[in-house]
There are 2 protein chains.
Amino acid sequence: MRVLLALGGNAMTALDGSARPEDQVAAARIAMASVADLVARDIEVVITHGNGPQVGNLLVKNELAAAVVPPVPLDWCGAQTQATLGNILMNALDDALARRQVVRPSAAVVTRTLVDATDAGFTSPTKPIGRYLPQDEARVLIDHGETWQDRGQKGWRRVVASPEPLEILDAPAVTALMEAGFVVIANGGGGIPTVRTDTGLTGVEAVIDKDLGAALLARTVAADVLVVATDVPNAVLRFGQPDAEPLGRIDVRRLRALAAEGHFASGSMGPKVDAACRFVEAGGQYAVISNLANILDAVAGDAGTVVVPNPLVEPGETTTERNPDA
Amino acid sequence: MRVLLALGGNAMTALDGSARPEDQVAAARIAMASVADLVARDIEVVITHGNGPQVGNLLVKNELAAAVVPPVPLDWCGAQTQATLGNILMNALDDALARRQVVRPSAAVVTRTLVDATDAGFTSPTKPIGRYLPQDEARVLIDHGETWQDRGQKGWRRVVASPEPLEILDAPAVTALMEAGFVVIANGGGGIPTVRTDTGLTGVEAVIDKDLGAALLARTVAADVLVVATDVPNAVLRFGQPDAEPLGRIDVRRLRALAAEGHFASGSMGPKVDAACRFVEAGGQYAVISNLANILDAVAGDAGTVVVPNPLVEPGETTTERNPDA
């Protein structure tokens, strides 16, 4: 069984959201204990991860040091987090496997993801990143070509393109390493956003949604199951309200309908639900949204919100959808 | 033929030493054109690279943003450069290969290198890194536990451990990818310095010499030839003097003797000569120190300083050294 596990960027921070290096290391150790439990059961695992808090820190550094060292573009910040998080995840996983006396090497690959230079996000950016600033400081950055939006009481925040991931350019390396027996860490932060121009491949300033990137990578490497790990055990209807209802096993059509009703917040549960649906719609066996505490059950489809294909035939209708019994 | 090509960190900067992102991209494109020429001739290439200017920039950012975001340790800075340089090298190489209509994928792996926690460098650091600061600013960092040295007119500079690389921990991933047909970029900056402790693997604040790391990686992946690319066509005796003498083909014993006479500056040509000698002493066919302009001839052993094994038997003596006819 081959599983693509997508970890939230906050799976690599402290509970209070702190992203000091030691917080990231400690959190990685907890997450990789769960992964080692899977690997110990001979499940093939590919790991991807978010990087929001980490990129946020890098952007602040860019800004505060700009007078002395040249700032690097946003896609470079994403690349940087692939290596720092890849590094600590490998250390944590190698240790967790050694403690279980499991011999399985890990590898972290720098991963580029192709996007379309004409993606609407580049003309109408919507993804908020980094810290809030007062209007006058935001103005300076707007004058430098960045897009910042007034977010009310908290201040102004930068928004960037979040283009659709089209192709995981470095998926062949992931596949080669998996086939050689490695637990592979790849496509962190959704991948380094890259466009193909007349003069060749080049990075672009954008942030790819890591869950949508995970869904694409999962299909590309022929994963059986996509697990989107988050900090809650289930996706929830009427989240936060007295009649909140956690979702268990659900088919894609019903979940898409609920999403269309606005149950899942954009920027948090929304893209996780979208990613799960995309994976199953594209032929994946099932996708699970859950937390790491239940990882073994989640991978088995016995915990969390388990998104399954549509039934072949529903009462009173016919359908050409594929059989969910996969 | 399998070649390990070690690029200087300055191979990814502008001629004036500028390391703006666009300078790094432009320089990578020039370097990867040379690599593509090798790949087009069916030579298997593994690329490693320095990262001095890039790490220098990251340290300044750490410092100037320290009041707002937590600084990351030096080993994380090294990791970051593996991803940013890996990314631009892959883009440049993919483009250069496409222009030559050569189908060969590239991959960049996050690479850890094992060092000894008791390496003398940790108690007596010697490797200068980052920018010069006035004494009062250096004092603040010394109070934070860093080691800084008075370097005279230019000011104070931080020195860190440069421990001996013992094992390329992620060499198995490099080998797996090579065997699957990839041009692999690995062990940038000499690798992420990592120690094995009672509690597991952990990064340490240090800088591994990238040429010594390259020599070890070259042997580990069974490269036939190590090419240490630099900005001069040869290693030179009496460098900069009127009777300067570029070295051509030379055996290890003779080169070691010249090194012992102090011909090669520590921190520049010294470690390149050491790396070349180590590779050949450990059984490599030959090592070449040259610039990228002559890459095809250099790889063939027809340009640059070509370090070969000692002759099996020299006049008037016997030796147990291996035959150099490789």
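Here a biologist and a modeller chat about a predicted model.

Biologist: What should I know about this model before we start?
Modeller: Residues are numbered from 1 along each chain as its sequence is written, and chains are lettered from A and ligands numbered from 1 in the order in which they are written. Side-chain values use heavy atoms, leaving out hydrogens and water, and since the model is predicted, local features need pLDDT of at least 70 and side-chain atom pairs pLDDT 80 or more, while totals for chains, interfaces and linings use all residues.

Biologist: How many salt bridges are there over all chains?
Modeller: Side chains of opposite charge can pair when their charged atoms come close. Here a salt bridge is a side-chain nitrogen of Lys or Arg within 4 Å of a carboxyl oxygen of Asp or Glu. By that rule, the count over all chains is 36.

Biologist: Which residue does A:R2 meet in a salt bridge, and where does that partner sit?
Modeller: A:R2 is in strand 1 (residues 2-7) of chain A, and its partner is 42 residues apart from it, in strand 2 (residues 44-49). Strands are DSSP runs of E with at least two residues, helices are runs of H or I with at least four, and both are numbered from the N terminus. The N to O distance is 3.1 Å, and the partner is A:E44.

Biologist: Is A:R2 buried or exposed?
Modeller: Buried means under 20% relative accessible area, exposed over 50%, and partly exposed in between, using a 1.4 Å probe and protein chains only. A:E44 comes out at 21%, so A:E44 is partly exposed. A:R2 has 15% relative accessibility, so A:R2 is buried.

Biologist: How far away from A:D75 is the nearest side chain of opposite charge?
Modeller: A:D75 is found in helix 3 (residues 74-99) of chain A. Lys and Arg count as positive and Asp and Glu as negative, with His and the chain ends not counted. A:D75 is buried yet has no salt bridge, and the nearest side chain of opposite charge, A:R158, is away by 8.3 Å.

Biologist: Which residue forms a salt bridge with A:R158, then?
Modeller: A:R158 lies in strand 7 (residues 156-160), and its partner is in the loop between strand 11 (200-203) and helix 7 (210-220), 47 residues apart. At 10% relative accessibility, A:R158 is buried. The closest N and O atoms are 3.6 Å apart, and the partner is A:E205.

Biologist: What kind of axis relates the two copies?
Modeller: The copies are superposed by least squares on the C-alpha atoms of residues with pLDDT of at least 70 in both. Chain B can be laid on chain A with an RMSD of 0.0 Å, using a turn of 180° and a shift of 0.0 Å along the axis. So the copies are related as by a two-fold rotation axis.

Biologist: At what angle do helix 6 of chain A and helix 6 of chain B cross?
Modeller: Axes are lines fitted to C-alpha atoms, for helices over the stretch in contact, with angles from 0 to 180 degrees between N-to-C directions. The two axes, each for residues 171-179, come within 9 Å and cross at roughly 110°.

Biologist: Which residues of chain B touch A:R29?
Modeller: A:R29 lies in helix 1 (residues 21-40) of chain A. Contact means heavy atoms within 4.5 Å. Leaving aside neighbours within four places in sequence, A:R29 is in contact with A:N91, A:A92 and A:D95, and in chain B with B:T199 and B:L201.
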